[in-house]
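Student: Could you take me through one part of this structure in close detail, and then connect it to the rest of the chain? I would like to see how the local picture is built up.

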Amino acid sequence: MKLDQERPTGQRLLPTERKRSDRWLIPIAIGLLCLGSPNRWLHWFPGALLGLAPLFYLCERQQGWRRLGLTYGLWFCVCLYAFWVDPFSVQVLSAWEILGGFVVAPLIPLFFTTATLLSLDLSRPLPDWVRPLGIATVWTGLDGLLGLLWSPIPFHWGSLLFDWPLGIQIADVTGIWGVTFFAVFVNGVLWQLVEQGWRLWPTNPSTASPVVDQSRFWPTFACGLGLSGLVLAYGAVRLAHFDALAAGNRDPNFRVGAVQQVAWLEADRSWDYRMERYRELHQLSAQAVAEGAELVIWPEGALRARLLNTGLEPYVIEPMQGILPPTGALITGATEPDPRTAHLPEEQQRFFNTALLFDAEGNLLDLFGKQWIFPYFESGRYVPSPDGYRPLAGGERFGLLGVMVCLESVLPAPSRTLTRNGAESLIVISDDSWFGDSHWPMLHGKLSVFRAIENRRSVVFVNNTGGNLVVDPSGRLQQTGPIFQRGVITGEVMRRSEQTFFSRSGDWMAWLTLALSLGLLRWRWGSRSRRG
């Protein structure tokens, strides 16, 4: 909104006072955005609903390079806090991996800078009460575009509301994109209410109270209250539905134990070191079974080796036969060779990043190979399995288990495809040890909340460096493990076959907001051309 537009008679801006007060908004915006980000120190989800509002206010009062510098600098501070890593706690990172991290790191605040400035610019021609909808549309369109391109940024704005079940139930209709839209929309409404309601001051400086521009204030207030009310009402209905299901115990369930090993951070790969890590896995598995677990899950990279048809099986699988209950099972991550490259020289062979399912007698029941291979960091060694997203056959007790490996859980498409293919529950095995003792396991794991709601499935997140989760189909966190502490969590997993609207329809919200954003872009360019 331009500052020099026509004002009502008898009222004017006080630019000196405004500039002075603007300075205080910078630390307020950074503080709210940092509080809203998933972090293990102090997460406060209202920060995600409030933090963008002062940012929008500040950006609208700058132009050109100063505007860009302010926005990027602010987002750089927030991302530095939210995405910081601790390489000193990890001894196994290669120089190329560290270099890749330095290349990728500046791109994260660049995305949020682009989303902020583009959403403000493209929404500017809209009426005041509609502008929050325009801002949310453009922001969600950009976020959705990355999702459609399978770009795994684990910081969708909606993901910051992971611990507010009432506000995120719409994800079973819209996916996480609808939650992002809602969170940005609320920020836009708050900013516009301040702009429209309290920016006009009387000419007489002695007048203490501001004058409300009611012709602009109330339509914006009604729009914000109406849409927010619909979202929260839907959330209340869906939560009540799942509370009733839980009380009636209508869905079959089983108990799971998620092991967080916190291992393989050292450079040592001797046989003695490996045997110590495998003994830890067995001890933690025994603890899980003692707490009632039937299905024990080890994380991605738990073995750091091939397993099938090797001499490692007697050391890893056979001890589990004395630990698991008779009807129990084990899922573990492993690296298995691609038979299509077995005839090639060793340096040219490729592997599957695999999840293996064993029964209590040590028999291999099924396996799944990771489909989405992270460019640069994984593509030199791993290839997708030719089987596609196919659930593991867990038998009569566990049903069809949809397994995702690592960053596949950041994207909505893999879990949705597994659900369409019959998965009755979802499991994520991950290894975030690259990032050391940092917030990353929390950033990564909390997206499982949205995979649970989108598909209405229980989700178990199992990570090497902790932050394990058991999530109900309602999105409520049943159990949470500490970060960077060896241990195990147990919880109940519900088997469900319901298909949600989002499971059936896919990323329609991402496509819709992207199309509307392109329409706003064309309209904006057309307006500038006509003025020119």
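Tutor: Happy to. Let's begin right after helix α17, where Arg456 follows with a positive phi, near 50°. Keep in mind that this is a predicted model. The positive value stands out on the page since Arg456 is a residue other than glycine. Arg456 belongs to the loop between α17 and β11, the strand at 459-463. Is Arg456 buried or exposed? Its relative accessibility is 0%, so Arg456 counts as buried, the cut-off being under 20%.

Now step back into the helix itself. α17 covers residues 447-455, and 9 of its 9 residues are buried. They are Leu447, Ser448, Val449, Phe450, Arg451, Ala452, Ile453, Glu454 and Asn455. As you scroll along, note that this list includes Arg451 and Glu454 beside residues such as Val449 and Ile453. The buried helix α17 thus leads into a loop in which Arg456 is buried too.

Two other helices make good companions for α17. The first to look at is α15, residues 412-420: 7 of its 9 residues are buried, so the helix is largely enclosed by the rest of the structure. The buried ones are Pro412, Ala413, Pro414, Ser415, Arg416, Leu418 and Thr419. Just after α15 there is again a positive phi, about 110°, and here the residue is Gly422. The other companion is α3, residues 52-59, where 8 of the 8 residues are buried, so α3 is likewise largely enclosed by the rest of the structure. Its buried residues are Leu52, Ala53, Pro54, Leu55, Phe56, Tyr57, Leu58 and Cys59.

That takes us to the annotated spans. An unreviewed UniProt entry lists residues 44-60, 72-92, 98-120, 132-153, 173-194 and 215-237 under "transmembrane region". In the model, residues 44-60 are 76% helix and 0% strand, with the end C-alpha atoms 26 Å apart. Residues 215-237 are 100% helix and 0% strand, and there the end C-alpha atoms lie 34 Å apart.

If you are collecting backbone features like the one at Arg456, add Phe484 to your list: its phi is positive, about 60°, although Phe484 is not a glycine. Phe484 sits in the loop between β13 (477-480) and β14 (487-494).

Next, the aromatic side chains. The count of aromatic pairs comes to 23. In one of them, the ring centres of Phe501 and Trp508 are 6.2 Å apart and the planes meet at 85°, so the pair is edge-to-face. Both partners can be placed by their accessibility: Phe501 is partly exposed at 38% relative accessible area, and Trp508 is partly exposed at 30%. Elsewhere, ring pairs join Trp75, Phe111, Phe112, Trp139 and Trp157 into a cluster.

Rings also meet charge. The charged end of Arg381 sits over the ring of Phe351, 4.6 Å from the ring centre. That charged end of Arg381 also sits over the ring of Tyr382, at 5.6 Å from the centre. Phe351 has a further link worth tracing: its C-alpha atom lies 8.5 Å from that of Pro384, although the two are 33 residues apart in sequence. Pro384 is in the loop between β7 (364-369) and β8 (392-393), and its relative accessibility of 38% makes Pro384 partly exposed.

Finally, have a look at the enclosed space. How many cavities of 30 Å³ or more does a search of the whole structure find? The search finds 1, and the largest cavity holds about 40 Å³ of space. Its lining is made up of Ile317, Met320, Gln321, Leu324, Leu330, Phe358, Asp359, Ala360 and Gly362. By type, the lining residues divide into 6 nonpolar, 2 polar and 1 charged. Along the chain, Ile323 falls in the loop between α13 (313-316) and β5 (329-337). Ile323 is buried, at 17% relative accessibility. The C-alpha atom of Ile323 is separated by 9.1 Å from that of Gln283, 40 residues away along the chain.

To come back to where we started: Arg456, with phi near 50°, is a buried residue in the loop between α17 and β11.

Conventions: Residues are numbered from 1 along each chain as its sequence is written. This is a predicted model: local features need pLDDT of at least 70, side-chain atom pairs count only at pLDDT 80 or more; totals for chains, interfaces and linings use all residues. Side-chain values use heavy atoms; hydrogens and water are left out. UniProt positions are given in the numbering used here, feature names are shortened, and annotations may be inferred rather than shown by experiment. Helices (H or I, at least four residues) and strands (E, at least two) are DSSP runs, numbered from the N terminus. Rings of Phe, Tyr and Trp (its six-membered ring) pair if their centres lie within 6.5 Å; planes under 30 degrees apart count as stacked, over 60 as edge-to-face and the rest as tilted. Buried means under 20% relative accessible area, exposed over 50%, partly exposed in between (1.4 Å probe, protein chains only). A charge sits over a ring if NZ of Lys or CZ of Arg is within 6 Å of the ring centre and within 35 degrees of the ring normal. On a 1 Å grid over the protein atoms alone, a cavity is a set of points where a 1.4 Å probe fits but cannot get out, and a pocket is an open set with protein on both sides within 12 Å along at least five of seven lines; lining residues have an atom within 4 Å of a point. Grid points are joined across faces, edges and corners, and a volume is the space filled by probe spheres set on the points. Ala, Val, Leu, Ile, Met, Phe, Trp, Tyr, Cys and Pro count as nonpolar, Asp, Glu, Lys and Arg as charged, and the others, Gly among them, as polar.
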